[in-house]
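Trainee: I am new to this structure and would like a close look at a single part of it. Could you take me through the lining of the largest pocket, and then through what else helps to place it?

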Amino acid sequence: MYRARLFAIRHSGAFGWIYGRLERLMIALDPVFARLGYNRVERPIALVERVVKGVLFDCRMCGQCVLSSTGMSCPMNCPKELRNGPCGGVRPGGFCEVRPAMRCVWVLAWDGATRMQGGDRIREVLPPVDRSLKGSSAWLRVSREKAARLREAREASRTTLAQAFPGARRNEPSTAPLAEEPPSAVNRGQRR
Ligand code: SF4
């Protein structure tokens with residue numbers, strides 16, 4: 001597993017790209033999930049997420065995935081579970097203070113972030129872990145939230161148009177002036 005984790009961090013650019021596509025797919029599937037019921041799809045999707053991310057990233061299913069902000073290095077693999085950078089005990093060569101055979105997840109995170117699009121996000125302070133989300137699917141929660149925000153934005157733009165319409169009607173003539181009829185049409189009408 002540790003080797004797979006190092007592989008994922010070495011290829012963080014590709015994994016970040018795949019993650020982006022997966023997120024788009026999940027957002028597109030929002031109407032399907034809504035129809036089936038998010039509560040119903042939670043368990044199977046969380047199971048798939050647990051297996052896939054467990055193999056690739058040693059995922060601990062914290063429920064608030066931050067891999068795209070941490071160079072695809074899962075911070076929950078830090079023995080101290082630090083979410084915002086390393087502790088002061090990193091050993092020479094970037095090894096962990098608690099598990100000397102393991103490289104510090106934050107040293108790896110910094111390395112992975114340099115290869116990722118938007119890798120600068122590693123500088124942003126992450127919120128503390130909400131333990132109540134442990135075991136839930138981060139994929140599903142994030143895509144559901146983003147889909148809801150997109151829906152709200154679409155609804156807001158529709159409302160803006162609807163509100164702007166009465167004003168536009170007041171300022172513009174409600175009907176366009178009649179255009180000249182082409183002679184052929186007039187003649188045809190007279191022949192009938
Ligand atoms: S940040 Fe959380 S959800 Fe993401 S890989 Fe680590 S434990 Fe899993």
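Mentor: In this predicted model, the residues that line the largest pocket divide into 14 nonpolar, eight polar and 10 charged. The space inside this pocket comes to about 880 Å³, and of the 32 residues in its lining, E23, S68, R121, V142 and K146 are the closest to its centre. Helix 2 and helix 6 each supply at least two residues of that lining, and it is helix 2 that gives the most, with 10 residues.

Both of these helices also take part in the largest nonpolar core, to which helix 2 (12-28), helix 4 (38-57) and helix 6 (138-171) each supply at least two residues, although the largest share, four residues, comes from helix 4. This core has 18 residues, and F33, F57, M72 and L140 touch the most other members. If you follow F57 outward, leaving aside its neighbours within four places in sequence, you find it in contact with R5, A8, F15, Y19, L67, M72, C74 and N77. Apart from this core lies another, of nine residues, including C78, W106, A113 and I122. In soluble globular proteins, nonpolar side chains tend to be buried together.

The surroundings of the ligand can be read in a similar way: K53, C59, R60, M61, C62, C65, V66, L67, C74, M76 and R83 surround it, and this shell divides into eight nonpolar residues, three charged ones and no polar ones, whereas the lining of the largest pocket includes eight polar residues.

Definitions and conventions: Residues numbered from 1 in each chain as written. Predicted model: local features only at pLDDT ≥ 70, side-chain atom pairs only at ≥ 80, totals over all residues. Heavy atoms only, no water. Core = buried A, V, L, I, M, F, W, Y, C linked by side-chain atoms within 4.5 Å. Buried < 20%, exposed > 50% of the residue type's maximum accessible area, 1.4 Å probe, protein only. Contact = heavy atoms within 4.5 Å. Near = heavy atom within 4 Å. Nonpolar A, V, L, I, M, F, W, Y, C, P; charged D, E, K, R; others polar. 1 Å grid on protein atoms, 1.4 Å probe; cavity = no way out; pocket = protein on both sides within 12 Å on 5 of 7 lines; lining within 4 Å. Points joined across faces, edges and corners; volume = space filled by probe spheres on them.
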